[in-house]
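Colleague: I would like to go through this structure with you, one question at a time. Can we start with the strands?

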Amino acid sequence: MTESTEETGRHAGIPGVDTDVAEAAAAERDIAVKVGDDLVEVKNLTMKFGGLLALDNISFTIKRGEILGLIGPNGAGKTTCFNAMTGVYKPTGGQVLLEGRVLNGVKQHKITRAGLARTFQNIRLFGEMTALENVVVGLDARHKTSVIGALLRLPRHIREEKSSIERGMALLEFVGIADQAATLSRHLPYGSQRRLEIARALATDPKVLCLDEPAAGFNPAEKEELMQLIRTIRDDGYTVLLIEHDMKLVMGVTDRIVVLEFGKKIADDVPSVIREDPKVVSAYLGEPEDDFA
Ligand SMILES: Nc1ncnc2c1ncn2[C@@H]1O[C@H](COP(=O)(O)OP(=O)(O)OP(=O)(O)O)[C@@H](O)[C@H]1O
């Protein structure tokens with residue numbers, strides 16, 4: 001965490017955020033809300049699968065510039081919440097707003113374009129493409145030239161292609177795998193594949209980056225490195241929503257935590273309060289000890 005605890009200006013209010021860094025980096029992004037204000041509002045989000053109420057009237061906000069943790073025991077509804085927010089599922093009820101704009105009913109790719117990017121619990125890369133190509137695919141989604149422009153290799157397309165490769169390389173460097181740019185993604189070590197997923201999501205220039213268990217399968221040293229990467233991403237001006245099972249990781253990296261249990265929100269506070277909350281402790285009873293260390 002950075003050390004800007006005495007902020008009193010309009011960016012104050014998010015513990016641990018170096019708001020100068022966040023503001024400077026994010027200034028280029030066209031985001032309608034200020035650092036510290038509500039960027040995403042989840043209002044009474046409800047998701048039913050037949051008779052199963054997987055999400056029951058969930059409400060929370062994500063503030064611009066924060067790292068928000070979404071935790072809960074197995075089956076609590078975390079991934080369902082991500083899926084309902086990012087257009088994978090159509091919510092049964094409630095609303096998700098990004099910068100005040102309702103996302104319900106908007107197609108997945110349009111939600112990504114609007115600024116909500118995500119990674120998946122199960123890695124979803126193009127295995128037969130190189131690491132760089134996987135990132136460039138994400139960047140291409142933002143291009144303005146037409147298919148005809150690409151076929152005719154018009155100057156604008158060539159310019160965009162060149163800048164895609166440069167930006168793709170910069171993103172691979174940012175997540176620490178630039179030396180593996182030319183490797184087919186299916187040949188990358190597991191940890192690099194997880195990093196590549198993050199780079200590909202960042203390529204869409206998101207306003208909010210949603211990470212679904214990015215440390216799954218990592219050893220403690222890899223987890224520590226990933227925590228550092230998530231902090232760097234935030235310090236670069238992004239807002240992060242993080243689903244994570246590993247409580248130590250969540251407590252160490254987040255500014256605030258929302259806790260779900262059986263599809264209901266049972267707590268929403270800073271990590272030090274969540275750690276002591278009896279409802280949260282009891283929700284984790286019976287879970288592997290590792291999950292609530
Ligand atoms: N497509 C679906 N159809 C039916 N039930 C589903 C579907 N997706 C999720 N569920 C159910 O919804 C509940 C919440 O599941 P979800 O995967 O969101 O939990 P989770 O908190 O992400 O769990 P985990 O930590 O194990 O990934 C579970 O009971 C699950 O079986």
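Colleague: Which residue in S7 does Ala 117 stand opposite?
Modeller: Keep in mind that this is a predicted model. S6 covers residues 116-118, and S7 covers residues 208-212. The two strands run parallel and are joined by 3 bridges. Across from Ala 117 in S7 stands Leu 209.

Colleague: In what order do the 6 strands of that open sheet come?
Modeller: The pairing in this sheet is mixed. Strands S6 and S10 are the edges, and each pairs on one side only. On average, neighbouring strands are turned by 20° against each other, direction ignored. The order is S6-S7-S8-S3-S9-S10.

Colleague: Which strands of the sheet does helix H8 touch?
Modeller: Helix H8 spans residues 220-235 and packs on the sheet. Its direction makes about 150° with that of S8. The strands touched by H8 are S3, S7 and S8.

Colleague: Why is S3 largely enclosed by the rest of the structure?
Modeller: Look at its two faces. Ile 67, Gly 69 and Ile 71 are buried on one side, and Leu 68 and Leu 70 are buried on the other. S3 is largely enclosed because the count of buried residues is 5 of the 5.

Colleague: Which residue in S9 stands opposite Ile 71?
Modeller: S3 has parallel partners. 4 bridges join S3 to S8, where Gly 69 stands opposite Leu 242. Another 4 bridges join S3 to S9, residues 256-261. In S9, the residue opposite Ile 71 is Val 259.

Colleague: Is Arg 256 buried or exposed?
Modeller: Arg 256 is found in strand S9. Beyond four places in sequence, Arg 256 touches Glu 66, Leu 68, Asp 269 and Val 270. The cut-off for a buried residue is 20 or more other C-beta atoms within 10 Å. Arg 256 has 20 C-beta neighbours inside 10 Å, so it counts as buried.

Colleague: How many Å separate the C-alpha atoms of Arg 256 and Leu 241?
Modeller: Leu 241 belongs to the stretch 239-243, which is strand S8. Along the chain, Arg 256 and Leu 241 are 15 residues apart. Their C-alpha atoms are separated by 10.0 Å.

Colleague: Now the other sheet. Which are the edge strands of the sheet with 4 strands?
Modeller: This open sheet has the order S2-S1-S4-S5, with antiparallel pairing. S4, residues 93-98, pairs with S5 over 2 bridges. There, Leu 98 has Arg 101 as its bridge partner. Each edge strand pairs on one side only, and the edges are S2 and S5.

Colleague: How many C-beta neighbours does Leu 55 have inside 10 Å?
Modeller: Leu 55 is placed in strand S2. Leaving aside neighbours within four places in sequence, its contacts include Leu 45, Met 47, Cys 81 and Gly 263. Leu 55 counts as buried because its C-beta neighbours inside 10 Å number 28.

Colleague: How far apart in space are Leu 55 and Ala 76, C-alpha to C-alpha?
Modeller: In sequence, these two are 21 residues apart. Ala 76 is one of the residues around the ligand. From C-alpha to C-alpha, Leu 55 and Ala 76 are apart by 8.4 Å.

Colleague: Which element gives the largest share of the shell around the ligand?
Modeller: The shell includes Phe 49, Leu 52, Gly 75, Lys 78 and Thr 79. Two elements give two or more residues to it: S2 and H2. By class, the shell has 4 nonpolar, 6 polar and 1 charged residues. The largest share, 3 residues, comes from H2.

Colleague: Which elements give two or more residues to the side of domain 1 that touches domain 2?
Modeller: Domain 1 covers 1-115 + 207-293, and domain 2 covers 125-205. In the contact, 9 residues of domain 1 meet 9 residues of domain 2. The domain 1 side divides into 5 nonpolar, 2 polar and 2 charged residues. The elements asked for are S7 and H8.

Colleague: What percentage of the residues in the chain is buried?
Modeller: The chain has 11 helices and 10 strands. Among contacts between residues at least 6 apart in sequence, 67% join residues at least 24 apart. Of the 293 residues, the buried share is 41%.

How values were computed. Residues numbered from 1 in each chain as written. Predicted model: local features only at pLDDT ≥ 70, side-chain atom pairs only at ≥ 80, totals over all residues. Near = placed C-beta within 6 Å. Nonpolar A, V, L, I, M, F, W, Y, C, P; charged D, E, K, R; others polar. Pairing = 2+ DSSP bridges. Axes fitted to C-alpha atoms, helices over the stretch in contact; angles between N-to-C directions. Contact = placed C-beta atoms within 7 Å. Domains from an automatic or database assignment. Buried ≥ 20, exposed ≤ 12 C-beta atoms within 10 Å, placed from the backbone.
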